[in-house]
Amino acid sequence: MATTTQSAATLPEAEGEVCIPINASEQIEFCYARGWTDGLPVVPASRFLVGEMLEAGSLKPDAVIADMPSRKVAVTAEKVAINAVMAGCKAEYMPVVVAAVKALAAPEFGLHHVASALSGPTIVILVNGPIAQKLRINATNNVFGPGVRANATIGRALRLVLLNCLKYSPGVSDRATMGTPGKYTCCIAENEEDHPWQPWHVERGFKPEDSTVTLVAASTMIQIWHYGDHVQLLRSIGDAMSFLGSIAILGRTPGAVVLGGEHTQLLRASGLSKKQICERIVQHTGRTIAELKRAGRIDGAVTPEDETRIHYALDTPEEVMLICAGSPIGALSMVMPGFGSSKTAGRSPAILIE
Amino acid sequence: MLDAVILEKAGIPAIPIITDAFDATAGEMAQLWGVPDFRFVMIPHPLATLTSADIDRRAEELIGKVLGLLQQGQPD
């Protein structure tokens, strides 16, 4: 049995023998000891692998990918590459990871609010355009679940950048009370095949042949199981977007809805436009002031007028990010209410993948 | 803490009020911005569950301390 001192990630494939990288475990422990991980083992970032990552992104090591004034950090390409390697990314994923880091720095995203919040949201990376198919980023079965390297490692790379470059350490600068499993990794592609409307990036002004990354901060993920008609479905989606315990309900923080295949087809058959669907979802986020007072979300005694006065969890249809992904089988969708108590953070612009 | 540091950098005097649960978080931010001795007022956690009357009482108790620190100013 052969042995080697190379890291596991740089071992040549050898037929007929098993190579045991005797120091790989030590390298992994070295990374743990320095607090460079998310709790899972990382791939030791050799110079060779980091170089491959930079080459795939056509980037010089000291190129500034994103300036993060709130953290007093300019994140360089080399740092992004190191974290992408550690996350297990293939080199070809680098342009997507780079775009995601740029999206973190977009003022509209409100990085510090998102990354430090008690509500500890999942940062969902949405990939649009042809790069999703090229890199095999999953947009269909088990879209939020495990099993696909691109989804798992691109999402993880962004979290490692937050931990290692931006120093959002749990319990210190990341003050999430509960956190979410999605904070380990969360990356999906939109299912643009046979899309009933315009995919997200085209809606935002990009060409279909462009590829983009958009970030959205989700306080939680609620599955909608629904075999009714489209009117009933939109009522259920609005209800999930405005549950009484939602942190976003009073601040009207934008949220997202990911329509699964059967719901996509149901809404396509309804003849409603995307905007009309979003308008109806907003209408169904209404709660009476009486409900909100009884739940303690608004102070004060319930008055007779409160029984008919309505507060909407969202203001406008533009606050609903409506996208299509998930298996074609099953009448299920995912609702992702916003993460915070203000309207000013939680969704990045779509960032072009270069 | 971040808002107060940014206000001070912009020339607007600021004293942040931090609940004690966020002591380490505030300290980390002050370190990050190169102002480890940034002055702030610490109050007991939690704040969000207090009634409006409780918050008024807290404010009354704190106002003298905050004004005193504002007059002292932040360290250079």
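Me: In S12(A), which residue is the bridge partner of A:Leu259?
Reply: This is a predicted model, where local features need pLDDT of at least 70, side-chain atom pairs count only at pLDDT 80 or more, and totals for chains, interfaces and linings use all residues. Residues are numbered from 1 along each chain as its sequence is written, with chains lettered from A and ligands numbered from 1 in the order in which they are written. S9(A) and S12(A) pair in the parallel sense over five bridges (strands are DSSP E runs of at least two residues, helices H or I runs of at least four, numbered from the N terminus; two strands pair if DSSP finds at least two bridges between them). Across from A:Leu259 in S12(A), the bridge partner is A:Cys324.

Me: Which strands of the open sheet stand at the edges, and why is one side of each left without a neighbour?
Reply: The sheet has four strands with mixed pairing, in the order S8-S13-S9-S12 of chain A. From one strand to the next, the twist averages 20°. Each edge strand has a single partner strand, so one side has no neighbour in the sheet; the two are S8 (222–225) and S12 (320–324) of chain A.

Me: How many residues of S12(A) are buried?
Reply: Buried here takes 20 or more other C-beta atoms within 10 Å of a residue's own, exposed takes 12 or fewer, and partly exposed is in between, with C-beta atoms placed from the backbone. On one side of S12(A), A:Val320, A:Leu322 and A:Cys324 are buried, and on the other A:Met321 and A:Ile323 are too. That makes S12(A) mostly covered, with buried residues numbering five of five.

Me: Which residue in S13(A) does A:Val257 stand opposite?
Reply: S9 (residues 255–259) and S13 (residues 332–336) of chain A run antiparallel and are joined by four bridges. Opposite A:Val257 in S13(A) you'll find A:Val335.

Me: What angle does the direction of helix H11 of chain A make with that of S12(A)?
Reply: Axes are lines fitted to C-alpha atoms, for helices over the stretch in contact, and angles run from 0 to 180 degrees between N-to-C directions. Helix H11 (residues 274–283) packs on the sheet by touching S9 and S12 of chain A, and its direction relative to S12(A) is about 125°.

Me: Which residue in the turn between S3(A) and S4(A) has a positive phi?
Reply: S3 (residues 64–68) and S4 (residues 73–76) of chain A pair in the antiparallel sense over four bridges. Within that pair, A:Ala66 stands opposite A:Val75. The hairpin has four residues between its strands, and the one in the turn with a positive phi of about 55° is A:Lys72.

Me: Is A:Gly286 buried or partly exposed?
Reply: A:Gly286 lies in strand S10 (residues 286–288) of chain A. Leaving aside neighbours within four places in sequence, A:Gly286 is in contact (C-beta atoms, placed from the backbone, within 7 Å) with A:Ile310, A:His311 and A:Tyr312. With 16 other C-beta atoms within 10 Å, A:Gly286 counts as partly exposed.

Me: Which helix gives the most to the largest nonpolar core?
Reply: A nonpolar core is a set of buried Ala, Val, Leu, Ile, Met, Phe, Trp, Tyr and Cys residues joined through C-beta atoms within 7 Å. The largest has 105 residues, and A:Ala84 is among those with the most contacts inside it. With 10 residues, the top contributor is helix H7 (residues 149–165) of chain A.

Me: Which helix gives the largest share of the side of chain B that touches chain A?
Reply: Six residues of chain B are in contact with seven of chain A. Four residues on the chain B side come from helix H2 (residues 23–32) of chain B.

How values were computed: Two residues are in contact if their C-beta atoms, placed from the backbone, lie within 7 Å.
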